[in-house]
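Here's a quick tour of a protein sitting on DNA. Have the viewer open as you read, and click on each residue when it comes up.

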Protein chains: 2
Amino acid sequence: MDKQLATKLFESLASGIRLDIFRMLVKHAPTGLVAGEIASKLDLPPTNLSFHLKAMTHASLVIVAQEGRYQRYRANLSVMQSLIDYLTAECCTGNPELCFDADKAITCCDTN
Amino acid sequence: MDKQLATKLFESLASGIRLDIFRMLVKHAPTGLVAGEIASKLDLPPTNLSFHLKAMTHASLVIVAQEGRYQRYRANLSVMQSLIDYLTAECCTGNPELCFDADKAITCCDTN
DNA sequence: TTGACTATACAACAATACTTGAAATATAAA
DNA sequence: TTTATATTTCAAGTATTGTTGTATAGTCAA
């Protein structure tokens with residue numbers, strides 16, 4: 001997880017709509033949902049949904065697969081896990097006692 | 001941690017500059033840094049830094065305290081911990097097997 | 001092949017965020 | 001009290017992001 005990817009992921013999560021989309025996809029993991037299902041559940045115009053899904057896909061926050069004429073979207077849980085790890089590492093730098101388990105090995109880099 | 005706060009925090013982290021500021025403050029926890037130190041370390045015009053610090057403060061990502069004519073900024077590690085918990089809970093919904101292993105080693109960041 | 005359906009691409013516009021210099025505020029030092 | 005320092009506020013402009021309707025490209029079903 002480098003800074004550039006982290007920034008892109010935070011951008012992806014920094015919108016109420018996109019956060020709703022992601023949470024809905026997590027809730028429906030590992031099946032995912034097709035675009036139309038998301039649009040109707042969130043009551044969004046399809047072009048607007050498509051705009052947000054494109055951004056999320058480009059950030060690798062979600063994964064898309066074609067199914068006939070449908071596009072099925074799934075939450076990318078592993079990249080989310082990496083983001084949590086990144087955030088934990090950042091949060092813990094120099095302050096391990098404030099973070100998760102004290103016995104967890106944390107060896108962080110210098111952040112420049 | 002409600003959705004609104006989470007969104008605000010993600011917004012705060014969704015900029016290279018603000019992420020740099022936050023990581024620098026984490027690195028200097030619990031002492032923190034005064035605004036001028038941050039500005040010179042990141043080579044930012046003071047007005048621009050002030051803009052970002054204000055946003056981060058408003059999102060409760062950082063905490064500010066006056067010290068004479070200086071403003072000392074500190075990372076709000078507890079809200080960051082709450083955000084990590086929120087993200088973990090969201091990520092894990094229905095998929096606990098994909099999330100934290102108790103004995104997982106944390107692999108740390110690349111610079112940038 | 002035709003017609004219906006799903007979703008995206010494009011274009012125009014609206015809204016929001018970012019950057020900067022000048023001015024203001026507040027504290028400290030001389 | 002006067003001057004210097006630290007930081008923020010304000011105003012203006014630039015840049016980016018978000019929203020919407022229309023048009024387009026695929027896919028399916030008859």
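What follows covers the DNA surface, the sheets, the core and one buried residue.

This is a predicted model, so a few ground rules apply: local features need pLDDT of at least 70, side-chain atom pairs count only at pLDDT 80 or more, and totals for chains, interfaces and linings use all residues. Residues are numbered from 1 along each chain as its sequence is written, chains are lettered from A and ligands numbered from 1 in the order in which they are written, and side-chain values use heavy atoms, with hydrogens and water left out.

**Meeting the DNA**

- DNA strand D is surrounded by 21 residues, where being near a strand means having a heavy atom within 4 Å of it.
- The closest of these are His52(A), Gly36(B), Thr47(B), Arg69(B) and Tyr73(B).
- Of the strand D atoms within 4 Å of the protein, 68% belong to sugar or phosphate, and the rest to bases.
- The surface residues divide into 8 nonpolar, 9 polar and 4 charged; here Ala, Val, Leu, Ile, Met, Phe, Trp, Tyr, Cys and Pro count as nonpolar, Asp, Glu, Lys and Arg as charged, and the others, Gly among them, as polar.
- On chain A, the side chain of His52(A) has an N or O atom 2.6 Å from a phosphate oxygen of strand D, and for the side chain of Arg18(A) that distance is 3.1 Å.
- Arg69(A) uses its backbone instead: an N or O atom there lies 3.3 Å from a sugar or linking oxygen of strand D.
- The elements giving two or more residues to this surface are helix 2 (16-27) and helix 4 (46-58) of chain A, plus helix 3 (35-42), helix 4 (46-58) and strand 3 (70-75) of chain B. Helices (H or I, at least four residues) and strands (E, at least two) are DSSP runs, numbered from the N terminus.

**The sheets**

- Chain B has an open, antiparallel sheet of 3 strands in the order 1-3-2; two strands pair if DSSP finds at least two bridges between them.
- Strand 1 (33-34) and strand 2 (62-67) of chain B each have a single partner strand, so one side of each is left without a neighbour in the sheet.
- In chain B, 6 bridges join strands 2 and 3, with Ala65(B) opposite Arg72(B) and Ile63(B) partnered with Arg74(B).
- These two chain B strands form a hairpin with 2 residues between them, and Gly68(B) in the turn has a positive phi of about 60 degrees.
- Over in chain A, strands 2 and 3 are antiparallel and joined by 6 bridges, and Glu67(A) has Tyr70(A) as its bridge partner.

**The core and a buried serine**

- The largest nonpolar core has 64 residues; such a core is a set of buried Ala, Val, Leu, Ile, Met, Phe, Trp, Tyr and Cys residues joined through side-chain atoms within 4.5 Å.
- Phe10(A), Leu13(A), Met80(A), Phe10(B), Leu13(B) and Met80(B) have the most contacts inside this core.
- Ser12(B), in helix 1 (residues 3-13) of chain B, counts as buried because its relative accessibility is 3%; buried means under 20% relative accessible area, exposed over 50%, partly exposed in between (1.4 Å probe, protein chains only).
- Beyond its neighbours within four places in sequence, Ser12(B) is in contact (heavy atoms within 4.5 Å) with Arg18(B), Ala55(B), Met56(B), Ala59(B) and Leu61(B).

Methods. A polar contact is a pair of N or O atoms within 3.5 Å; within protein, one must be able to donate a hydrogen and the other to accept it, and residues adjacent in sequence count only if both atoms are side-chain atoms.
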